[in-house]
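User: I'd like to go through this model and hear the reasoning behind each label. Could you set the values against the cut-offs as we go?

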Amino acid sequence: MNNFKELERQQSEAFDNAGNKIKKKLNNDISVFSFFGSVIDLYFSRMFNVMADLTSNDPSAESNKDDDDNIDINALLK
Amino acid sequence: MINLLFPLITKDIGRTLTDEEIVSEYLATQNVAYFDKLYDRYSGKIYAKSISLLRDEDLAEDAVQEIFMKILLNLSKFSGKSKVSTWIYSITYNFCIDIIRRKKKDPSMLMDNFSGDNDMIDDVDDSFLLETNIRRLKTILGKIPSSDKAILLMKYQDDMSIRDIGSILNKSESAIKMKIKRAKHKFKTIYVETYPD
């Protein structure tokens, strides 16, 4: 018989109520982390592209961008 | 709301997975349900160790939350060299030892004085500790210095090998063997003082 393990079992049982509260808090924290993670994933890659476009000296990229903008505006006007 | 944002959270994990499978599934899918599973398996045990070492319910509850945050943030660094349980317990013991050191609640955590103990004979049988009744065990663990208590919990509660204990406490195997002997001796001394009958 190992009473060290039995003591652990008894102490674990006493934790049930507090354990559920802590689990909820942890899940909230994880949700917040995931949310900010998703935001960073979504917007940082786009921001990086924008910055790359702005710093590049490729005029064709600029004109393509303008064309894209015109198409969108025309489509909206129709 | 959470379910709308993260539909995988509600996915049911049917069969019983090993700890290692849970960790690898969580890392692959980021599905919180796997993390919940790990929490259900280990939160009680982490609390039991925290309350034994910190001797304060509120501190122990806070410890559980912070230890799980550490587990979550470091899960991707888990190398798989040790068992998941050993890795989780190592975070738990190191966290509690850190708290005790910071609060300087127990000076035994601040020193490693093996001097004079090297020739100590291991005269305390394991069965003496393992068969001490729960009430008395709780009392003795409440009186024993935290460093000795941590060692005894690792050996007799978690069945950790000398090597694992050594890697958690960053000590050599011979130092750990000596610490175990000393902790057992301390346990018996306090037991005899407390229960002279």
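Analyst: Sure. One cut-off to start with: contact means heavy atoms within 4.5 Å. Also keep in mind that this is a predicted model. Counted that way, the contact takes 26 residues from chain A and 38 residues from chain B.

User: How much area do chain A and chain B bury between them?

Analyst: About 2900 Å², and 67% of that sits on carbon and sulfur atoms. The figure is the accessible area lost when the two parts are put together, summed over both.

User: What makes the B:Asp159 and A:Lys5 pair a salt bridge?

Analyst: The label needs a side-chain nitrogen of Lys or Arg within 4 Å of a carboxyl oxygen of Asp or Glu. Here the N to O distance between the side chains of B:Asp159 and A:Lys5 is 2.6 Å, so the pair qualifies. Between chain A and chain B the count is three salt bridges, and there are 11 residue pairs in polar contact, with both residues at pLDDT 80 or more. On the chain A side of the contact, α1 (3-13) and α2 each supply at least two residues. The largest share there comes from α2(A), with 14 residues.

User: Why is B:Asp159 called exposed?

Analyst: The cut-off for exposed is over 50% relative accessible area. B:Asp159 has 53%, so exposed is the right word. This residue lies in the loop between α8 (146-157) and α9 (162-169) of chain B. Its phi is near 50°, a positive value in a residue other than glycine.

User: Where does B:Gln30 lie, and why is it called partly exposed?

Analyst: B:Gln30 is in the loop between α2 and α3 of chain B. Partly exposed covers what falls between buried, under 20%, and exposed, over 50%. B:Gln30 has a relative accessibility of 48%, so it goes in that middle class. B:Gln30 also has a positive phi, near 60°, again in a residue other than glycine.

User: And A:Phe33, buried or exposed or partly exposed?

Analyst: Partly exposed: A:Phe33 has 42% relative accessibility, so neither the under 20% nor the over 50% class fits. A:Phe33 sits in helix α2 of chain A. Leaving out residues up to four places away in sequence, A:Phe33 touches B:Met69, B:Leu72 and B:Leu73. Along the chain, A:Phe33 and A:Val50 are 17 residues apart, and their C-alpha atoms are separated by 25 Å.

User: How do you know that the reach of α4 in chain B is close to what is expected?

Analyst: The expected span is 1.5 Å times one less than the number of residues. Helix α4(B), residues 57-74, has 18 residues, which gives an expected 26 Å, and the reach from first C-alpha to last is 25 Å. At its start, a side-chain oxygen of B:Asp56 comes to within 3.0 Å of the backbone nitrogen of B:Asp58.

User: What do the buried residues of α4(B) pack against?

Analyst: They pack against α2 (16-55) of chain A, along with α2 (19-29), α3 (32-54) and α5 (84-103) of chain B. Among the buried ones are B:Ile67, B:Phe68, B:Met69 and B:Leu72.

User: Why does B:Thr92 count as buried?

Analyst: Buried means under 20%, and B:Thr92 is at 0% relative accessibility, so the call is clear. B:Thr92 is found in helix α5 of chain B. Beyond its neighbours within four places in sequence, B:Thr92 is in contact with B:Ile46, B:Lys49, B:Ser50 and B:Ile67.

User: What makes the link between B:Arg55 and B:Gly142 a polar contact?

Analyst: The distance limit for a pair of N or O atoms is 3.5 Å. The backbone oxygen of B:Gly142 lies 3.0 Å from a polar atom of the B:Arg55 side chain, so the pair falls within that limit. B:Arg55 is in the loop between α3 and α4 of chain B, and at 49% relative accessibility this residue counts as partly exposed. B:Arg55 also touches B:Ser50, B:Ser146 and B:Lys149 among others. B:Arg55 and B:Ser146 are 91 residues apart in sequence, with 10.0 Å from C-alpha to C-alpha.

User: Zooming out, what does the secondary structure of chain B come to?

Analyst: Chain B has 10 helices and zero strands. Buried residues make up 51% of its 197 residues. Of the contacts in chain B with a separation of 6 or more, 65% come from residues 24 or more positions apart. The accessible surface of chain B is about 10200 Å², with 48% belonging to carbon and sulfur atoms.

Note on methods:
Residues numbered from 1 in each chain as written. Chains lettered and ligands numbered in written order. Predicted model: local features only at pLDDT ≥ 70, side-chain atom pairs only at ≥ 80, totals over all residues. Heavy atoms only, no water. Helix = DSSP H or I, 4+ residues; strand = E, 2+ residues; numbered from the N terminus. Buried < 20%, exposed > 50% of the residue type's maximum accessible area, 1.4 Å probe, protein only. Areas by Shrake-Rupley, 256 points an atom, 1.4 Å probe, with all protein chains shown as cover. Polar contact = N/O pair within 3.5 Å; in protein donor to acceptor, adjacent residues only side chain to side chain. Buried area = accessible area lost by both parts, 1.4 Å probe.
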